[in-house]
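Here is a small set of exercises to work through with the model open beside you. Try each task on your own before reading the solution.

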Amino acid sequence: MLLLRRSLIVAIVSSSLLASAQTAPAPNSLPSESPATLKPTSYGFNYQRREVMIPMRDGVKLHTVILIPNGAKNAPILLTRTPYSANALTTNTQSSHLGSSLYGYDNATDTIVDGGYIRVIQDVRGKYGSEGDYIMNRPLRGPLNPTTVDHATDTYDTIDWLVKNTPEGNGKVGIIGISYDGFTTLMGLVHPHPALKVAVPMNPMVDGWKGDDWFHNGAFRQQNMMYIYEQDGTRDNSVKWWTSNFDDYDMFMDAGSAGELGKRRGLEQTGFWRKIIAHPSYDAFWQDQAVDKLLAAEPITVPTMLVHSLWDAEDIYGAMAVYKAIKPKDTDNKVFLVMGPWHHGQGIEDGSTLGAIKFNSDTSLYFRENILAPFLAKYLKDDASAPAIAPVSAYESGTNTWRKLPSWPIACESGCASTSAPLYLRAEGKLSFSAPKQEEAPFDEYISDPAKPVPFRARPIQPIGYDNGLTWPNWLADDQREESGRTDIAVFTSDVLTTPIKIGGQPIANLIASTSGTDSDWVVKVIDVYPDEVAGQPKMGGYQFMVSADIFRGRYRESLENPKPIEAGKPLLYRFNLPPTNHVFLPGHRIMVQVQSSWFPLYDRNPQTFVPNIFWAKPQDYRKADQKIYHGLGQASFIELPVVTKP
């Protein structure tokens with residue numbers, strides 16, 4: 001009876017448990033396998049990584065990554081301040097090796113690693129891990145910045161913290177950076193911290209209207225709209241510009257004007273775009289933040305090496321403008337200049353080629369080993385054995401030779417002179433150092449049609465970019481022969497050269513031209529035409545290599561601040577600088593000059609009828625124009641070439 005009762009109890013309990021199991025809800029989740037915070041080990045790493053938030057004088061904290069080589073002691077610090085993510089720039093590769101982690105944008109990796117430098121990269125305020133508000137190219141304190149802080153104060157406060165909180169350091173800091181980071185490098189020279197011992201601004205953004213990122217002589221660089229959208233739109237660049245056409249030419253043509261495209265893409269939500277479209281002329285907004293003018297008013301206390309790329313598609317104006325502004329007052333020989341045969345930022349990459357152009361060595365490696373490394377060692381390590389650096393190190397294309405120069409534009413080592421020689425545009429498409437004759441035709445002409453603007457490179461035209469096969473960086477070295485066959489471009493070509501012609505300095509366009517419209521753009525290109533056949537390089541036969549070129553918006557002929565309509569049909573002088581060059585036209589080559597009235601879609605189309613603001617030009621404003629380039633006696637167009645001669 002007891003056994004039966006126990007069996008009954010077990011059966012009842014089992015039935016109850018089974019019923020409970022069948023009706024109880026399943027658990028909502030399993031215990032997470034991920035820790036609240038994963039703390040990676042540093043086993044096998046040859047460097048230490050520290051991430052800190054450095055307080056600025058206004059209380060804002062800036063995210064800063066510090067990479068310290070193992071065993072570092074009394075090591076100098078190399079600082080870069082960037083809007084492009086300190087985390088990204090210090091983890092180009094997820095690696096236990098410092099070199100692999102740094103190898104990529106804005107790191108002269110071999111120089112940094114071999115030199116044993118402590119590498120510091122900081123997010124500027126308002127970007128990525130840093131607190132505060134982001135302002136594109138934040139101006140110095142003053143009319144455009146009523147706050148108490150700017151990049152100069154942030155650099156000062158950062159260096160002050162670093163030298164007090166980095167026990168492995170020797171108390172000396174250098175600042176280095178490319179492009180935007182070159183701009184922040186220059187800002188550190190305004191009231192610099194005493195521990196700042198050297199600065200290396202490479203391809204810095206200096207004047208956004210005259211010749212760097214946003215305009216060139218008033219013509220808007222509309223392909224940069226993507227950059228503005230992504231850089232100014234979010235703290236972490238997470239919102240992306242979208243594609244609508246495989247060919248950028250079609251995208252910009254479909255919109256009509258840059259202002260209309262910005263409206264379609266919602267770009268007016270960003271503060272910098274609103275400033276761009278409100279300031280199409282060279283007014284106080286641009287003048288008051290031109291870095292060359294600002295530094296011209298500062299004493300030179302920090303040894304500075306300005307690095308310029310001769311084929312820089314983004315900031316071809318900046319480094320040379322700063323050099324011209326500050327070198328005249330450099331009484332203690334603290335200002336140095338490097339001019340390399342590179343695209344934007346190529347000084348830290350392989351420099352053996354520039355697009356189709358081949359050099360006889362890795363020009364960038366030469367720069368880093370023989371110029372940059374000893375320069376940094378001298379001032380950051382007090383290395384008396386470091387080789388002396390020439391005041392100017394300039395690569396001479398054509399002969400493919402580095403030149404050590406006493407100054408610029410003195411473009412040879414000794415015993416030479418730079419002469420401004422007029423290269424005349426002549427009738428029948430000729431180009432000559434001899435002036436035109438009485439009987440020659442007075443002008444050449446072409447029709448400029450805004451409905452069919454001249455592409456700035458072969459179509460389909462890619463967007464601006466450096467990754468995924470984009471060839472944007474090299475476009476200034478593109479073959480120009482396709483353009484030379486168009487009917488809407490005036491082409492002038494010299495005879496085959498029998499002796500070399502060396503130019504060193506800044507060519508100046510002196511264009512006497514007329515238009516049937518009331519506004520016009522003028523593009524002038526100086527080109528080295530290769531021989532019809534090149535032994536060993538068949539594809540280079542007849543190659544048209546552009547050595548200097550730029551655009552000028554005609555409405556600014558009399559004043560960069562106050563645009564005026566052009567008097568239709570009247571020959572007028574348009575005089576403007578072309579980018580500096582250091583080049584030799586070799587025997588067997590020819591010199592060519594091309595003149596055109598659009599460079600699309602890199603630059604927005606000029607409607608060729610005067611409107612107050614081209615950003616808002618309407619479809620009916622865009623009209624064909626008859627363009628005349630004058631070259632007759634008394635109205636001779638010419639290029640002032642800085643020809644270098646030896647006695």
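The exercises below go from sheets to helices and then to empty space, and the model they use is a predicted one.

**Exercise 1. The ten-stranded sheet**

Find the order of the strands in the open sheet of ten strands, and work out which strands stand at its edges.

*Solution.*
- Step 1: Trace the sheet from one side to the other. The order is β1-β2-β4-β3-β5-β6-β9-β10-β13-β14, and the pairing is mixed.
- Step 2: Look at the two ends. β1 (47-55) and β14 (401-405) each have a single partner strand, so one side of each is left without a neighbour in the sheet.
- Step 3: Add the twist. On average, neighbouring strands of this sheet are turned by 20 degrees against each other, direction ignored.

**Exercise 2. The surroundings of β3**

Decide how far strand β3 (residues 75-82) is enclosed, and describe how β3 pairs with β5 and with β4.

*Solution.*
- Step 1: Check burial, using the cut-off of under 20% relative accessible area. Eight of the eight residues of β3 are buried, so the strand is largely enclosed by the rest of the structure.
- Step 2: Turn to β5. Four bridges link β3 with β5 in the parallel sense, and A75 has G169 of β5 as its bridge partner.
- Step 3: Turn to β4 (residues 118-123). Here the pairing with β3 is parallel over six bridges, and R81 is matched with Q122 of β4.
- Step 4: Go further along the sheet for another parallel pair. β10 and β13 are joined by three bridges, with V338 facing its bridge partner S393 in β13.

**Exercise 3. A lysine in β5**

Is K172 buried or exposed, and which side chain does its own side chain meet in a polar contact?

*Solution.*
- Step 1: Place the residue. K172 belongs to strand β5 (residues 169-178).
- Step 2: Compare its accessibility with the cut-off. K172 has 16% relative accessibility, and buried means under 20%, so K172 counts as buried.
- Step 3: Search for a polar partner. The side chains of K172 and D382 make a polar contact at 2.3 Å.
- Step 4: List the contacts, leaving aside neighbours within four places in sequence. K172 touches P76, I77, A195, K197, Y379, L380 and D382.

**Exercise 4. Helices against the sheet, and one more helix**

Determine which strands α13 and α14 lie across, then find what covers the buried residues of α13 and of α7.

*Solution.*
- Step 1: Begin with α13 (318-326). This helix lies across β9, β10 and β13, and runs at about 140 degrees to β9.
- Step 2: Count its buried residues. Seven of the nine residues of α13 are buried, which leaves the helix mostly covered; they are G318, A319, M320, A321, V322, Y323 and I326.
- Step 3: Identify the cover. It includes α6 (180-187), α12 (291-296), β9 (304-309), β10 (335-340) and β13 (392-396).
- Step 4: Move to helix α14 (residues 363-380). α14 lies across β3, β5, β6, β9, β10, β13 and β14, at about 160 degrees to β6.
- Step 5: Finish with α7 (residues 225-233), where M225, I228, Y229, E230, Q231 and D232 are buried. The elements covering them include β8 (219-220), α8 (248-255), α9 (258-264) and α10 (271-278).

**Exercise 5. The four-stranded sheet**

Work out the strand order of the open sheet of four strands, and find which residue of β25 stands opposite F492.

*Solution.*
- Step 1: Read off the order, β18-β25-β21-β22, with antiparallel pairing.
- Step 2: Find the edges. β18 (490-493) and β22 (544-553) each have a single partner strand, so one side of each lacks a neighbour in the sheet.
- Step 3: Note the angle, which averages 15 degrees between neighbouring strands of this sheet, direction ignored.
- Step 4: Zoom in on β18 and β25 (residues 590-596), which are joined by four bridges. F492 stands opposite V593.

**Exercise 6. Empty space**

Describe the lining of the second largest pocket and of the largest cavity.

*Solution.*
- Step 1: The second largest pocket holds about 430 Å³ of space. It has 21 lining residues, with K210, N217, Y317, Q506 and N577 closest to its centre.
- Step 2: Assign the lining to elements. α13, β22 and β23 (572-577) each supply at least two residues.
- Step 3: Now take the cavities of 30 Å³ or more, of which there are seven. The largest has a volume of about 140 Å³.
- Step 4: Of the 18 residues lining the largest cavity, N137, F183, M205, V206 and Q289 lie nearest its centre. α6 and α12 each give at least two residues to this lining.

Terms used. Residues numbered from 1 in each chain as written. Predicted model: local features only at pLDDT ≥ 70, side-chain atom pairs only at ≥ 80, totals over all residues. Heavy atoms only, no water. Pairing = 2+ DSSP bridges. Axes fitted to C-alpha atoms, helices over the stretch in contact; angles between N-to-C directions. Buried < 20%, exposed > 50% of the residue type's maximum accessible area, 1.4 Å probe, protein only. Polar contact = N/O pair within 3.5 Å; in protein donor to acceptor, adjacent residues only side chain to side chain. Contact = heavy atoms within 4.5 Å. 1 Å grid on protein atoms, 1.4 Å probe; cavity = no way out; pocket = protein on both sides within 12 Å on 5 of 7 lines; lining within 4 Å. Points joined across faces, edges and corners; volume = space filled by probe spheres on them.
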